[in-house]
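Morning, everyone. I have one structure to show today. Let's put it up.

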Amino acid sequence: MSDISRRKLITRGIAAAAAVAGLDVAAGLASRFGFVPPDAGNLFSAGATLSYATQRLLARRTPAREYSRDQISKKPFANAVDPLPKEFAALQAGGFADWRLVVEGMVAHPRAFSLAELKDGPKSSQITMVACEEGWDYIAEWSGVPLAHVLDAVGTRPGARYVVYQSIQPDWYESIDMDDATHPQTILAYGMNGGELPVPFGGPLRLRVPRQLGYKSVKYVTKMTVTDNLKPFGKGLGGGDPDGGYAWYAGI
């Protein structure tokens, strides 16, 4: 049986289970085939599992919607962030020349990238929407280096399943699976609307994951860890939310 036929069969089985026997049975079928988000087990796990499994089966490489230049928001909304640490001010005063993105974990060549090194990589631009779980959204042009290029540069090891990325803001981090990490629209953004990425929007560096809600696009990224297990990273499995109140998978 071909991989495509197998995917269709599994998808139909999950959909049928959801329709006939409910989400719990469908989630069990998804678990059998390995399509389970790492936060499965919470109050909404059955529905979340079904959503995640369906996306991974049917839309693994489907891009987020891209917009035309005339649809860029005239007044994009920069949501409030907690006060940035003193070290950020020092880095900003130096034009972020000393900013580093450390990439470690399940990689062959751990490395610290400067902004200049990231900008020397292949450039990707997209006009996509940031949609917040709080109900607001805006459209902007984002420019940066594909995360897949950075992961190739450090040599992701076999068995890696997730990328955990951390902000310079204390206790603010998130994680995505390798499907989203290597998706061509997932970029380390250093530019916005034709200029440098402004600090209120995450400058000098943020991750853009346009296929998921805004809280997955963490600002001020300084560290990434490639791993096969999210549990050591603590409560919430990421989610910029120490209480773990948000779902790990936030696909849109």
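I'll go through one sheet, then one edge strand, then a single alanine.

First, a caution: this is a predicted model.

Start with the sheet. It is open, with five strands in the order 2-1-10-5-6, and the pairing is mixed. Strand 2, residues 111–114, and strand 6 stand at the edges. Each has a single partner strand, so one side of each is left without a neighbour in the sheet. From one strand to the next, the twist averages 20 degrees. Helix 6, residues 147–154, packs on this sheet. Helix 6 touches strand 1, strand 2, strand 5, strand 6 and strand 10. Its direction makes about 140 degrees with that of strand 2.

Now strand 6, residues 173–177. Is this edge strand buried or exposed? Five of its five residues are buried, so the rest of the structure largely encloses it. In a regular strand, side chains alternate between the two faces of the sheet. Here Tyr 173, Ser 175 and Asp 177 point one way. Glu 174 and Ile 176 point the other way.

What about its partner? Strand 5, residues 162–167, runs antiparallel to strand 6, and five bridges join them. Gln 166 stands opposite Tyr 173. Tyr 165 has Glu 174 as its bridge partner. The two strands form a hairpin, with five residues between them. In that turn, Asp 171 has a positive phi of about 65 degrees.

Last, the alanine. Ala 53 sits in helix 3, residues 45–58. Its relative accessibility is 0%, so Ala 53 counts as buried. Phe 35 is 18 residues away in sequence, yet the C-alpha atoms of Phe 35 and Ala 53 are 4.8 Å apart.

Notes. Residues numbered from 1 in each chain as written. Predicted model: local features only at pLDDT ≥ 70, side-chain atom pairs only at ≥ 80, totals over all residues. Heavy atoms only, no water. Buried < 20%, exposed > 50% of the residue type's maximum accessible area, 1.4 Å probe, protein only. Helix = DSSP H or I, 4+ residues; strand = E, 2+ residues; numbered from the N terminus. Pairing = 2+ DSSP bridges. Axes fitted to C-alpha atoms, helices over the stretch in contact; angles between N-to-C directions. Contact = heavy atoms within 4.5 Å.
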